[in-house]
Amino acid sequence: MDLPFRQVDVFSSTPLCGNPVAVVHDADELTTEQMQTFAAWTNLSETTFLLQPSDPRADYRVRIFTGSEELPFAGHPTLGSAHAWLESGGRPAGDLLIQECGVGLVELHHRDGLAFAAPPLIRSGPLSSFERAKAALALRVPAERIVDSNWVSNGPSFIAVLLDSAESVLAVDPDPIAFGDLYGIGIVGPWPEGSDTAVEVRVFFHNKGLTEDPVTGSFNAGVATWLTGTGRLPSSYVASQGTLLNRLGRVRIDTDDEGVIWVGGDTFTTIVGTVTL
């Protein structure tokens, strides 16, 4: 069958400098196997499929796949899917856009660009001394450069490591062998006051080889929940990611008066067409 298709660049105002996501529209008749096969074929970090919602409160439902598994939630696919749905003529029932996915309902606003409400952390809390040592070994980072560490899982299972500076983040050269069974490690470090962005972020996945993600919405959401909650970061800031991958990723974090953390970024369609599945 031929289905509408878009590829959307997320988290950059410069085309081709963010993180791309493939979005297949009207995917209700596809099987899980077809979705997983196509996601593996795109060779992107994530591919999404838009379906009719099963929850009457939702505007649409999305299923999110990496090349090897389905995810209950992910950040840049959420923004890219919402962008594609709106661009194809979707109209939310209320003031907010409501996405249904594996973690439940996720709210998005589209007042000045798209932003999603950070979902609650499924797993949080400090790393054990063993986990912290294992993360330091995988990152090849001296213990004295690690300021703090925490679990920040909101779908993907992320370890977050706070380093002493953005320069330390950019200098990290991880050891794939030492990752072992760790799924994802993200690192964050502050830029000097007055810089264009508040922090530099990098995220590494170990799944059939070590890869670095260009820009990671779910990890940035988890970090914002952790570090704004501890006062280490302000309630609103901009994070940069993808620098060493020649990307210009910018993730906007804003906390509203009710304490909801909104994670936003620019979205831009790069490919429009049909896909035969």
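Biologist: To start with strand pairing, how many bridges join β8 to β17, and do these strands run parallel or antiparallel?

Modeller: β8 and β17 are joined by 4 bridges and run antiparallel, in a model that, I should say at the outset, is predicted. One pair within this arrangement can be followed residue by residue, since Ala115, which lies in strand β8 (residues 114–117), has Gly264 as its bridge partner in β17.

Biologist: Which residues is Ala115 in contact with, leaving aside its neighbours within four places in sequence?

Modeller: Ala115 is in contact with Leu79, Glu107, Leu108, His109, Trp262, Val263 and Gly264. Of these, Leu79 is 36 residues away along the chain, and yet its C-alpha atom is separated from that of Ala115 by 6.9 Å. The relative accessibility of Ala115 is 5%, and because buried means under 20%, Ala115 counts as buried.

Biologist: What strand other than β8 is joined to β17 by bridges?

Modeller: Strand β16 (residues 249–255) is joined to β17 by 4 bridges, and these two strands run antiparallel; here Ile253 has Val263 as its bridge partner in β17. β16 and β17 form a hairpin with 5 residues between them, and Gly259 in the turn has a positive phi of about 90°.

Biologist: Are the faces of β17 covered or exposed?

Modeller: For a strand, one looks at the two sides separately, and in β17 both faces are covered, with Ile261, Val263 and Gly265 buried on one side and Trp262 and Gly264 buried on the other. In the strand count, 5 of the 5 residues of β17 (residues 261–265) are buried.

Biologist: Turning to a helix, which residues of α3 are buried?

Modeller: In helix α3 (residues 129–139), the buried residues are Ala135, Ala136, Ala138 and Leu139. When the helix is viewed down its axis, these buried residues fall within an arc of 165°, so they line one face of α3. Ser129, Phe130 and Leu137, on the other side of α3, are exposed.

Biologist: What covers the buried residues of α3?

Modeller: The cover includes strands β10 (146–153), β11 (158–163), β12 (184–190) and β13 (199–206), together with helix α5 (176–179). After α3 comes Arg140, with a positive phi near 55°.

Biologist: How many residues of α6 are buried?

Modeller: In α6, 11 of 13 residues are buried, and the helix is described as mostly covered; among them are Phe219, Val223, Trp226 and Leu227. The span of α6 (residues 217–229) from its first C-alpha to its last is 18 Å, close to the 18 Å expected at 1.5 Å a residue. Gly231, which follows α6, has a positive phi near 85°.

Biologist: Which residues touch the most other members of the largest nonpolar core?

Modeller: They are Tyr60, Phe116, Phe219 and Tyr237, in a core of 45 residues. The largest share of this core, 6 residues, comes from α6. A second, separate core has 19 residues and includes Ala138, Leu139, Ile185 and Ile187.

Biologist: What does Tyr60 touch, not counting residues up to four places away in sequence?

Modeller: Its contacts include Leu50, Leu51 and Pro53, as well as Trp85, Leu97, Ile98 and Leu108.

Biologist: What polar contact joins the side chains of Ser168 and Arg145?

Modeller: The two side chains are joined by a polar contact of 3.4 Å. Ser168 lies in helix α4 (residues 166–171) and is buried, with a relative accessible area of 10%. Not counting residues up to four places away in sequence, Ser168 touches Leu163 as well as Arg145.

Biologist: Where is Asn43 found, and is Asn43 buried or exposed?

Modeller: Asn43 is found in the loop between α1 (32–42) and β3 (47–51), and with a relative accessible area of 70% it is exposed. Although Asn43 is not a glycine, its phi is positive, at about 60°. Asn246 also has a positive phi of about 60° without being a glycine; Asn246 sits in the loop between β15 (237–241) and β16, and at 67% relative accessibility Asn246 counts as exposed.

Notes. Residues numbered from 1 in each chain as written. Predicted model: local features only at pLDDT ≥ 70, side-chain atom pairs only at ≥ 80, totals over all residues. Heavy atoms only, no water. Expected span 1.5 Å × (residues − 1). Buried < 20%, exposed > 50% of the residue type's maximum accessible area, 1.4 Å probe, protein only. Core = buried A, V, L, I, M, F, W, Y, C linked by side-chain atoms within 4.5 Å. Contact = heavy atoms within 4.5 Å. Polar contact = N/O pair within 3.5 Å; in protein donor to acceptor, adjacent residues only side chain to side chain. Arc of directions from axis to C-beta. Pairing = 2+ DSSP bridges.
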